[in-house]
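This report describes the fold of one protein chain, from its overall composition to individual residues. The sequence and the structure are shown below.

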Amino acid sequence: MTKEFTKEDQRLMIAALKEAKKAFDKNEIPIGAVLTIGGKIIARGHNQTEKTQDATKHAEIICLQKGCRYLKSWRLYETILYTTTEPCIMCLGAALLARIKKIICGCPNMRHGLKSICFLPLARQKKSRECSSSLHSSNHQLKIVTGLMHAEAQSMLQNFFSMLRSFPTYKSSTSSCLKEETTSKNSQE
Ligand SMILES: [Zn+2]
């Protein structure tokens, strides 16, 4: 763990990883998030796009919605969002509008995440081992740091997508595929 992250950051990322595991167990892309203030978790969320057939049901958006209800305000000042994968453009935009102070991410999201939109003039990327950037609006700055428990977050995603590749009929018979894999793994042990 580098200086960028504290033991408390690690504890909170573990909570986000537990949310990601819930998504994994429900055959959703395994991304989880927790929203915190002063080290206290005020909202938890995991990806639910398949279950709801709603493209906006990302872990981060669910956390923001719960956080607004908890604080009875759309301004989530002083909150830190821990998410297992770099947020997509939608979630970044919502976090900026909600005045979130900082986002700490597990692994990068090369397809839809911060690095994919670094061409935007408002995203500044420093040359460091971790990806550390800021998004600015006219009256708010949102800091984004990637790389906390990177391996754990990435391996959950890799396991999920390798399962999808192994079972191309996933969408039509997801649960039976998962059962088959579990049975197969157990029988090999
Ligand atoms: Zn998102």
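Helices (H or I, at least four residues) and strands (E, at least two) are taken as DSSP runs and are numbered from the N terminus. The model is a predicted one, in which local features need pLDDT of at least 70 and side-chain atom pairs count only at pLDDT 80 or more, while totals for chains, interfaces and linings use all residues. Residue numbers start from 1 along each chain as its sequence is written.

**Overall composition**

The protein contains six helices and seven strands. Along the sequence they follow the pattern α-β-β-α-α-β-α-β-β-β-β-α-α. Of the 189 residues, 35% are buried; a residue is called buried if 20 or more other C-beta atoms lie within 10 Å of its own, exposed if 12 or fewer, and partly exposed in between, with C-beta atoms placed from the backbone. Two residues are in contact if their C-beta atoms, placed from the backbone, lie within 7 Å. Among contacts between residues at least 6 apart in sequence, 50% join residues at least 24 apart.

**Strand pairing**

Two strands pair if DSSP finds at least two bridges between them. Three such pairings are listed here.

| Strands | Sense | Bridges | A facing pair |
|---|---|---|---|
| Strand 1 (residues 32–37) and strand 3 | antiparallel | five bridges | Ile37 and Thr79 |
| Strand 3 and strand 4 (residues 102–107) | parallel | five bridges | Leu81 and Ile103 |
| Strand 4 and strand 7 (residues 141–146) | parallel | four bridges | Lys102 and Lys143 |

Strand 3 and strand 4 also place Thr83 opposite Cys105. Strand 3 (residues 79–85) has seven of its seven residues buried, so it is largely enclosed by the rest of the structure. Strand 4 is mostly covered, with five of its six residues buried.

**The β-α-β unit**

Strand 3, helix 4 (residues 89–97) and strand 4 form a right-handed β-α-β unit. A crossover is right-handed if, with the strands pointing away from the viewer, the path from the first strand over the helix to the second runs clockwise. Within helix 4, Cys91, Leu92 and Ala95 are buried. Seen down the axis of helix 4, its buried residues fall within an arc of 100°, so they line one face of the helix. This arc is that of the directions from the helix axis to the C-beta atoms.

**Packing of helix 1 and helix 5**

Two packed helices are described by the angle between their axes and the distance between the axes. The axes of helix 1 (residues 7–25) and helix 5 (residues 150–166) come within 11 Å and cross at roughly 5°. Helix 1 and helix 5 are therefore roughly parallel to each other. Leu17, Ala20 and Phe24 of helix 1 make the contact with Glu152, Ala153, Met156 and Phe160 of helix 5. Axes are lines fitted to C-alpha atoms, for helices over the stretch in contact, and angles run from 0 to 180 degrees between N-to-C directions. Angles under 35 degrees count as roughly parallel, over 145 as roughly antiparallel, 65 to 115 as roughly perpendicular and the rest as oblique.

**Residues with positive phi**

Most residues other than glycine have a negative phi. Asn27, which is not a glycine, has a positive phi of about 65°. Asn27 belongs to the loop between helix 1 and strand 1, and with 18 C-beta neighbours inside 10 Å it counts as partly exposed. Arg99 is likewise not a glycine and has a positive phi of about 65°. Arg99 lies in the loop between helix 4 and strand 4, just after helix 4. With 18 C-beta neighbours inside 10 Å, Arg99 counts as partly exposed.
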